[in-house]
Amino acid sequence: MEKKTIVMGVIGADVHAIGNKILYYCFVEAGFNVINLGVMVSQVEYVEAAIESNADAILVSSLYGHGEIDCRGLRERCTESGLRRILLYVGGNIVVGKQPFEDVEKRFKNMGFDRVFPPGTDPQTTIKFLKKDLKMGEEDENNTTY
């Protein structure tokens, strides 16, 4: 099976690099081709990297709390650039202050994100959803895909 390509990075003026590196290694170990843009990534950089690499997904992280502002319009930018169907994930400390996650998730989904993950999400959870959403099912000994 061909490796799926994901573009990841930390959006906006956020310089939190450690979590980004941990996620990078987890995604590589899980079998993804990972384009890691690092920190302080603009929407344009995500879109350009996704186009250049023919990516299957864009994964946006933020820890400084301004992800909601930084992510506004990303789905529209993707669509305008020909990436209408690209999978969009966002996670981390993506809003200012303590807010009910259900409210945060609803706002980001309304902005066009396919999955929204709260702070502290185990990387394996994200990997599980990526494999599901990218239809990377694994077969067991009875050739049953799950």
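In the predicted model, Asn 20 touches Met 8, Gly 9, Val 10, Asn 36 and Gly 38, when residues up to four places away in sequence are not counted. The residue belongs to helix H1, which spans residues 18-29. With a relative accessible area of 5%, Asn 20 is buried, because burial is assigned to values under 20%.

The chain in which Asn 20 sits contains six helices and five strands. Read from the N terminus, these elements follow the order β-α-β-α-β-α-α-β-α-β-α, so that the series opens with a strand and closes with a helix. With respect to overall dimensions, the C-alpha atoms occupy a box of roughly 50 × 30 × 30 Å when the extents are taken along the principal axes. The radius of gyration of the chain is 15 Å, and this agrees with the value near 15 Å that would be expected of a compact globule with 146 residues.

The contacts and the accessible surface were also examined. Among contacts between residues at least 6 apart in sequence, 72% join residues that are at least 24 apart. Of the 146 residues in the chain, 40% are buried. The area exposed by the chain amounts to about 8,300 Å², of which carbon and sulfur atoms supply 51%. As regards charge, the chain carries 17 positive and 21 negative side chains, and the centres of these two sets lie 4 Å apart.

Four salt bridges are present in the structure, and three of these are described here in turn. In one of them, the side chains of Arg 107 and Glu 68 meet with an N to O distance of 2.8 Å. This pair links distant parts of the chain, since Arg 107 is located in helix H5 (residues 101-110) and Glu 68 in helix H3 (residues 67-71), with their positions 39 residues apart in the numbering. The two partners fall into separate accessibility classes: Arg 107 is partly exposed, with a relative accessible area of 28%, whereas Glu 68, at 15% relative accessibility, counts as buried.

A further salt bridge is formed by Arg 75 and Asp 114, whose closest N and O atoms are 3.0 Å apart. Here, too, distant parts of the chain are linked, with Arg 75 in helix H4 (residues 74-80) and Asp 114 in the loop between H5 and strand S5 (115-117), the two residues being 39 residues apart. Arg 75 has a relative accessibility of 13% and therefore counts as buried, while Asp 114 is partly exposed, with a relative accessible area of 32%.

The salt bridge between Lys 109 and Glu 105 has its closest N and O atoms 3.9 Å apart, and the pair is accepted because the criterion admits a side-chain nitrogen within 4 Å of a carboxyl oxygen. Both residues lie in helix H5, and because they are four residues apart, Lys 109 and Glu 105 are separated by about one helical turn. Lys 109 counts as partly exposed at 40% relative accessibility, and Glu 105 is likewise partly exposed, with a relative accessible area of 25%. Helix H5 thus contributes Arg 107 to the link with Glu 68 in helix H3, and also holds the pair formed by Lys 109 and Glu 105.

Terms used
Residues are numbered from 1 along each chain as its sequence is written. This is a predicted model: local features need pLDDT of at least 70, side-chain atom pairs count only at pLDDT 80 or more; totals for chains, interfaces and linings use all residues. Side-chain values use heavy atoms; hydrogens and water are left out. The radius of gyration is taken over C-alpha atoms; the globule rule is 2.2 Å times the number of residues to the power 0.38. Buried means under 20% relative accessible area, exposed over 50%, partly exposed in between (1.4 Å probe, protein chains only). Contact means heavy atoms within 4.5 Å. Accessible areas come from the Shrake-Rupley method with a 1.4 Å probe; for residues, only the protein chains shown count as cover. Lys and Arg count as positive and Asp and Glu as negative; His and the chain ends are not counted. The place of a charge is taken as NZ of Lys, CZ of Arg, CG of Asp or CD of Glu.
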